[in-house]
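Please open the structure in your viewer and keep the selection tool at hand. The tour proceeds one selection at a time.

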Amino acid sequence: TTGPAAAADAAAAVKSSGEEKLAAAWKDLRRELEVLQQVWASKALLEEKGAASSSQQTAKRRELQGAIQTALLSSEVDPLGAARLLQPLLQKGSHSEALNHASETAMHEVVK
């Protein structure tokens, strides 16, 4: 089939594929955040037991966790808009020590 109907079908297929990829990327990020939260919880326990860590690092982790949670909640309504919420988190070098590689990669997958 050719013509406008074929073009519309092709456009719909591309859009659907893009939406599926974005939904899968958000799902992966949710999974990675669950792991990262366990890491952060372990760090918090160590800090309580006197391990050396600054309250500034703890505050950064909490700020980052809140920002990612906000993006995850927003993604249920507006996945593209929520992806824009992640961009500043990836651009700031200050969060690099708070994110593990897998979580940072998952965030990049959502944003791209």
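Axes are lines fitted to C-alpha atoms, for helices over the stretch in contact, and angles run from 0 to 180 degrees between N-to-C directions. Please note that this is a predicted model.

First selection: select helix α2 (residues 55–75) together with α3. These helices pack at an angle of about 165°, and their axes are 7 Å apart. Angles over 145 degrees count as roughly antiparallel, so α2 is roughly antiparallel to α3. Their crossing is left-handed. Now display the side chains at the contact: α2 contributes Leu64, Ala67, Ile68, Thr70, Ala71, Ser74 and Ser75, while α3 contributes Pro79, Ala82, Leu85, Leu86 and Leu89. By class, nine of these residues are nonpolar, three are polar and none is charged.

Second selection: keep helix α3 (residues 79–91) and add helix α4 (residues 101–111), which packs against α3 at an angle of about 135° with the axes 9 Å apart. The two helices are therefore oblique to each other. The crossing of α3 and α4 is left-handed. On the α3 side, choose Ala83, Leu86, Gln87, Leu89 and Leu90; these meet Glu104, Met107, His108, Val110 and Val111 of α4. This contact comprises seven nonpolar residues, two polar and one charged.

Third selection: pick Ser103, which lies in helix α4. Is Ser103 buried or exposed? Buried means under 20% relative accessible area; Ser103 has 2%, so Ser103 is buried. Next, add Asn100, whose side chain is joined to that of Ser103 by a polar contact of 2.7 Å. Finally, select Leu29, Glu32 and Leu36, with which Ser103 is in contact when its neighbours within four places in sequence are left aside.

How values were computed. Residues numbered from 1 in each chain as written. Predicted model: local features only at pLDDT ≥ 70, side-chain atom pairs only at ≥ 80, totals over all residues. Heavy atoms only, no water. Helix = DSSP H or I, 4+ residues; strand = E, 2+ residues; numbered from the N terminus. Parallel < 35°, antiparallel > 145°, perpendicular 65-115°, else oblique. Left-handed = near helix turned anticlockwise from the far one by under 90°. Contact = heavy atoms within 4.5 Å. Nonpolar A, V, L, I, M, F, W, Y, C, P; charged D, E, K, R; others polar. Buried < 20%, exposed > 50% of the residue type's maximum accessible area, 1.4 Å probe, protein only. Polar contact = N/O pair within 3.5 Å; in protein donor to acceptor, adjacent residues only side chain to side chain.
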